Amino acid sequence: MRAIVDACLKQLPFSCTVGQRLKRMPSIIGKIIRFPDMTVSRMQDVGGIRIIVPDIPDIRIVHEALLKLAKPFAVVPVKDYIAKPKPDGYRSLHQVFKYLNEQDEDSNHKRIEIQIRTRLQHAWATFVETLGVIDKVLYKSGYGQAANIKFLKIASALFSLKENCNVPEGYEQYSKDYLIEELRIIEQKQHILSKLKELSVLKPALSSGCPGAVFFVLVLDVSSQNDYTVKVIPFGDEEEAVRYYDTLEKETGNTPEVAVVLVRSEKLEELKTAYPNYFLETRNFVKNIEDVIK
């Protein structure tokens, strides 16, 4: 599927950022707990590709181009969280493809999810994860202080208005000015923006070797107060990367202060753009929200 995505994006008149990752074991377990009928075989986002585009029209262009190139994949009905945002404020377009090849028993019927989102939607989604890392709370799973959750929903509504899109349910009747005032009130009490402004963007400790590597294991450790670290371990071989990732998952799976992810990226410099939360990078979100409320 990654080859299809790369071929598709090369034909487009605008540039995109592409990231590919495996879902963390705690996230898989958490999803199964929240949805008792869920099984790993039915989970559509264990493996996923993330495409970040400049603006809303570009999402539709990328999606239509992917559908044209989808063979030998079957298309699962799209989940459009831009037309109808999730209750927590999450917005993106999710398209699942199912691989069909009777000659390939290992891969036949396996699914992969492609997320297509704008830079603004990406800034919001990764801000949620970064805030969760610092507070050690899974905000994207509905946990955390009510005020912080409301702050994130309002921020999503304001970004929705900026992109001329539907706002999350429950915020349709509010004006932009009202939402801005509500956001300011929460910020005065919770200091969410102030707290993250004080964070230093982490400089990755990059392991040597593997020139031309496209697989990377990212390890974010926030267990030491005010001394957070991120390690980037490159691999040229996918199986070796998976084995190393599996070992780390077993060692850190129950440790909320340590986040591990296995990703694929054609360019090392794209890692920060595709996965800014692993570098505690929130400047894009802060800049956009300040532009909206000023």
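**Checking the labels on a predicted model**

Biologist: In this predicted model, the side chains of Lys140 and Glu129 meet in a salt bridge. What makes that pair a salt bridge?

Modeller: The N to O distance is 3.4 Å, and the cut-off is within 4 Å, so the pair qualifies. Lys140 sits in the loop between helix 4 and helix 5, while Glu129 is in helix 4, so the contact ties together parts that are eleven residues apart in sequence.

Biologist: Why is Lys140 called partly exposed?

Modeller: Lys140 has 45% relative accessibility. Exposed needs over 50% and buried under 20%, so Lys140 falls in between.

Biologist: And what makes Lys287 exposed?

Modeller: Its relative accessible area is 51%, and the bar is over 50%, so Lys287 gets the label. Lys287 also pairs with Asp291 at 3.1 Å, and those two join Lys294 in a network of salt bridges.

Biologist: How do you know that Cys8 is in no disulfide?

Modeller: The structure holds zero disulfides. For Cys8, the nearest cysteine sulfur belongs to Cys16 and is 8.0 Å away; a disulfide needs the sulfurs within 2.5 Å, so Cys8 doesn't make it.

Biologist: Why does Ser160 count as buried?

Modeller: Ser160 comes out at 0% relative accessibility, and buried means under 20%, so that one's easy. Ser160 lies in helix 5 and touches residues including Arg91 and Cys165.

Biologist: What makes the link from Ser160 to Ser156 a polar contact?

Modeller: The Ser160 side chain reaches the backbone oxygen of Ser156 at 2.8 Å, and the limit is within 3.5 Å, so the distance fits.

Key:
Residues are numbered from 1 along each chain as its sequence is written. This is a predicted model: local features need pLDDT of at least 70, side-chain atom pairs count only at pLDDT 80 or more; totals for chains, interfaces and linings use all residues. Side-chain values use heavy atoms; hydrogens and water are left out. Helices (H or I, at least four residues) and strands (E, at least two) are DSSP runs, numbered from the N terminus. Buried means under 20% relative accessible area, exposed over 50%, partly exposed in between (1.4 Å probe, protein chains only). A polar contact is a pair of N or O atoms within 3.5 Å; within protein, one must be able to donate a hydrogen and the other to accept it, and residues adjacent in sequence count only if both atoms are side-chain atoms. Contact means heavy atoms within 4.5 Å. Lists of a residue's contacts leave out its neighbours within four places in sequence.
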